[in-house]
Amino acid sequence: MNAFPNGTRVFFWTAAGEIKYGTVQSTSRLADVNVCLRCPTLVADNLQGTQVVVVAVDGGEGHRSLP
């Protein structure tokens, strides 16, 4: 399930503490899953990596990729 479909309005804080607003342009998942070889009950299909969201920042400030 994708919690941030394209077109979703979002906000985030910058490292300087500013709040930025924008619209989700795309999402993807990284293949950063660590599989536990000692856990035979794990189903690999249910494992997901970090979700990355590309946001078009309001005010013509470009795009940001957020994990």
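This passage walks through the fold, the sheet, the core and the aromatic contacts of a predicted model.

Starting with the overall make-up, the protein chain has zero helices and four strands, so to speak a plain β-β-β-β run from the N terminus on. Of its 67 residues, 18% count as buried. The chain exposes about 5,100 Å², and carbon and sulfur atoms supply 56% of that area. As for contacts with a separation of 6 or more, 38% of them link residues 24 or more positions apart.

The four strands make up an open sheet in the order 1-2-3-4, with antiparallel pairing. Strand 1 and strand 4 sit at the edges with a single partner strand each, so one side of each is left without a neighbour in the sheet. From one strand to the next, the twist averages 45 degrees.

Going across the sheet, strand 1 and strand 2 run antiparallel and are joined by five bridges. Val10 has Gly22 of strand 2 as its bridge partner. These two strands form a hairpin with five residues between them, and Gly17 in the turn takes a positive phi of about 90 degrees. Next come strand 2 and strand 3, which pair in the antiparallel sense over seven bridges; here Arg29 is matched with Gln51 in strand 3. Strand 3 and strand 4 (residues 63-66) are antiparallel as well, with four bridges, and Val53 finds its bridge partner in Leu66 of strand 4. Strand 3 and strand 4 also form a hairpin with five residues between them, and in this turn Gly59 has a positive phi of about 85 degrees.

Now for the inside. The largest nonpolar core has six residues, namely Val10, Phe12, Val24, Val53, Val55 and Val57. Strand 1 (9-13) and strand 3 (51-57) each supply at least two residues of this core, and the largest share, three residues, comes from strand 3. Val24 is a handy place to look around from. Leaving aside neighbours within four places in sequence, Val24 is in contact with the core residues Val10, Val53 and Val55. The rest of its contact list is made up of Phe4, Pro5, Asn6, Gly7, Thr8 and Val54.

Burial is not limited to that core list. Gln51, placed in strand 3, is buried too, with a relative accessible area of 16%; that value counts as buried because the cut-off is under 20%. Beyond its neighbours within four places in sequence, Gln51 is in contact with Asn2, Ala3 and Phe4, with Thr27, Ser28 and Arg29, and with Leu66 and Pro67. Among these contacts, Arg29 is also the residue that Gln51 bridges to.

Strand 1 shows its two faces clearly in the side chains. In a regular strand the side chains alternate between the two faces of the sheet. Along strand 1, Val10 and Phe12 point to one face and are buried, while Arg9, Phe11 and Trp13 point to the other and are not. The two buried ones, Val10 and Phe12, both belong to the largest nonpolar core.

The other face of strand 1 leads to the aromatic residues. The structure holds two aromatic pairs. A pair of aromatic rings is described by the distance of the centres and the angle of the planes. Phe11 and Trp13 form an edge-to-face pair, at 5.3 Å centre to centre and with 75 degrees between the planes. Phe11 and Tyr21 form a tilted pair, at 6.2 Å centre to centre and with 45 degrees between the planes. Since Phe11 lies in strand 1 and Tyr21 in strand 2 (residues 19-29), this pair ties together parts that are ten residues apart in sequence. Taken together, Phe11, Trp13 and Tyr21 form one aromatic cluster.

How covered are these rings? Phe11 counts as partly exposed, at 47% relative accessibility, and Tyr21 is likewise partly exposed, at 45%. Trp13 is exposed, with a relative accessible area of 56%, which puts it past the cut-off of over 50%.

Key
Residues are numbered from 1 along each chain as its sequence is written. This is a predicted model: local features need pLDDT of at least 70, side-chain atom pairs count only at pLDDT 80 or more; totals for chains, interfaces and linings use all residues. Side-chain values use heavy atoms; hydrogens and water are left out. Buried means under 20% relative accessible area, exposed over 50%, partly exposed in between (1.4 Å probe, protein chains only). Contact means heavy atoms within 4.5 Å. Accessible areas come from the Shrake-Rupley method with a 1.4 Å probe; for residues, only the protein chains shown count as cover. A nonpolar core is a set of buried Ala, Val, Leu, Ile, Met, Phe, Trp, Tyr and Cys residues joined through side-chain atoms within 4.5 Å. Two strands pair if DSSP finds at least two bridges between them. Rings of Phe, Tyr and Trp (its six-membered ring) pair if their centres lie within 6.5 Å; planes under 30 degrees apart count as stacked, over 60 as edge-to-face and the rest as tilted. Axes are lines fitted to C-alpha atoms, for helices over the stretch in contact, and angles run from 0 to 180 degrees between N-to-C directions.
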